[in-house]
Amino acid sequence: MAGVSFRGMETANRRKTYLLLAGMGALVWIVVYAALTYFGSSTVGIVPIAVGIALVSVWGSYYASDSLVLRMTGARLIEENENPKLFNLIHEVIIASGLPMPKVAIVTDSAPNAFATGRNPEHAVIAFTTGLLDVMDRDQLQGVIAHEMSHVGNRDTLVSAVAATTAGAIALLSDFLTRMLWFGGGHRNNRDSNSNPLALVVSLIVLILAPLAAVLLKSAVSRRREALADATAVSFTRNPAGLRSALEVLAVDSTVVHQRSTAVAHIWIESPLDSKMVSRLFSTHPPIEERIAALRAMESLGPMQ
């Protein structure tokens with residue numbers, strides 16, 4: 001990884017995100033085709049129902065993401081006079097990034113962590129635990145702020161909503177069709193008697209495994225966005241050592257935030273879920289050691305202008 005620039009890392013992670021989202025879109029069509037192959041045209045009406053339910057459930061949360069996440073994490077909005085040093089660092093990153101000033105929140109928790117949320121840069125919130133503010137020095141905290149502002153600038157809440165909608169639609173569609181399979185009984189009447197038995201078996205396997213594939217793809221998208229945020233943060237600060245050092249602090253700290261719901265695990269700079277309990281394939285974050293190594297490789301390039 002030696003010689004990797006932050007621009008190259010940004011480009012590579014954006015490209016991988018687009019490919020993964022395209023893969024999720026392709027998976028939707030594969031599921032629809034498998035459904036039509038196995039059940040016939042009677043399933044056509046289920047597709048818009050599944051997509052509609054997923055849209056309502058996910059996008060309602062997307063538009064209220066800032067207030068919902070604040071409630072779920074116990075974060076409290078603060079004003080500049082409550083922590084002027086923190087706001088000064090945020091203003092520095094704002095000037096470098098060209099992004100609007102976000103709302104700032106504090107989570108009273110001894111575990112060092114931080115997150116960003118909000119449906120767009122104009123409605124963004126960045127939050128920090130008291131534990132993180134206690135242990136980070138100036139450069140480390142600047143790196144964390146830049147990472148969270150990168151999520152804002154890259155519209156990662158929007159990307160997550162798109163991935164969640166697609167995965168939710170696939171899961172609902174598969175669930176509907178599985179219920180038809182076990183309880184409907186009418187699918188046999190909708191299949192062509194001359195259908196290829198192998199095609200029917202493959203279609204059935206696709207319908208069963210599609211939700212798992214969708215979850216894996218959604219997790220992969222989240223991992224790419226974390227890596228992208230690390231690279232974008234360096235483009236703001238021109239100092240990979242700050243964020244690298246911050247991640248090293250997080251890597252050696254074994255405490256986790258109290259509010260560690262799986263619903264918001266992906267928004268933290270370090271996943272609050274026990275990495276030993278979560279398969280790497282399902283993890284929302286790349287291994288922190290890999291993130292540190294990528295940033296260290298950028299440092300090897302020397303001063304960044």
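In this predicted model, strand 2 (103-107) and strand 4 (125-129) run parallel to each other and are joined by 5 bridges. Isoleucine 106 has phenylalanine 128 of strand 4 as its bridge partner. Alanine 105 stands opposite alanine 127, also in strand 4. Strand 4 pairs with strand 3 as well, here in the antiparallel sense, over 4 bridges. In that pairing, threonine 117 is the bridge partner of valine 125 in strand 4.

These pairings belong to an open sheet of 4 strands. The strand order is 1-2-4-3, and the pairing is mixed. Strand 1 (76-78) and strand 3 stand at the edges. Each has a single partner strand, so one side of each lacks a neighbour in the sheet. From one strand to the next, the twist averages 30 degrees.

Strand 4 is largely enclosed by the rest of the structure, because 5 of its 5 residues are buried. In a regular strand, side chains alternate between the two faces of the sheet. Val125, Ala127 and Thr129 point one way from strand 4. Ile126 and Phe128 point the other way. All of these residues are buried.

Helix 4 (84-97) lies across strand 1, strand 2 and strand 4. The helix runs at about 135 degrees to strand 2.

The largest nonpolar core has 39 residues. Leu86, Phe128, Ile145 and Met149 touch the most other members. Several elements each supply at least two residues of this core. Among them are helix 4, strand 2, strand 3 (114-117), strand 4 and helix 6 (138-153). Helix 9 (197-237), helix 10 (240-252) and helix 11 (288-299) also contribute in this way. Apart from this core lies another, of 23 residues, including Met24, Val159, Leu173 and Val221.

The contacts of leucine 86 were examined leaving out residues up to four places away in sequence. Leucine 86 touches Ile78, Val104, Ile106 and Phe128. It also touches Leu133, Leu141 and Ile145.

Helix 6 has 16 residues. It reaches 22 Å from its first C-alpha to its last, close to the 22 Å expected at 1.5 Å a residue. The helix is mostly covered, with 13 of its 16 residues buried. At its start, a side-chain oxygen of aspartate 137 comes to within 3.2 Å of the backbone nitrogen of aspartate 139. Arginine 155 follows helix 6 and has a positive phi, near 55 degrees.

Glutamine 140 is placed in helix 6. Its relative accessibility is 8%, so glutamine 140 counts as buried, the cut-off being under 20%. Beyond its neighbours within four places in sequence, glutamine 140 is in contact with Val135, Gly242, Ser245, Ala246 and Val249.

Valine 31 sits in helix 1 (residues 6-39). This valine is buried, with a relative accessible area of 0%. Residues up to four places away in sequence aside, valine 31 touches Ile170, Leu173, Val206, Leu207 and Ala210. Valine 31 and proline 211 are 180 residues apart along the chain, and their C-alpha atoms are separated by 9.6 Å.

Methods
Residues are numbered from 1 along each chain as its sequence is written. This is a predicted model: local features need pLDDT of at least 70, side-chain atom pairs count only at pLDDT 80 or more; totals for chains, interfaces and linings use all residues. Side-chain values use heavy atoms; hydrogens and water are left out. A nonpolar core is a set of buried Ala, Val, Leu, Ile, Met, Phe, Trp, Tyr and Cys residues joined through side-chain atoms within 4.5 Å. Buried means under 20% relative accessible area, exposed over 50%, partly exposed in between (1.4 Å probe, protein chains only). Contact means heavy atoms within 4.5 Å. The expected span of a helix is 1.5 Å times one less than its number of residues. A polar contact is a pair of N or O atoms within 3.5 Å; within protein, one must be able to donate a hydrogen and the other to accept it, and residues adjacent in sequence count only if both atoms are side-chain atoms. Two strands pair if DSSP finds at least two bridges between them. Axes are lines fitted to C-alpha atoms, for helices over the stretch in contact, and angles run from 0 to 180 degrees between N-to-C directions.
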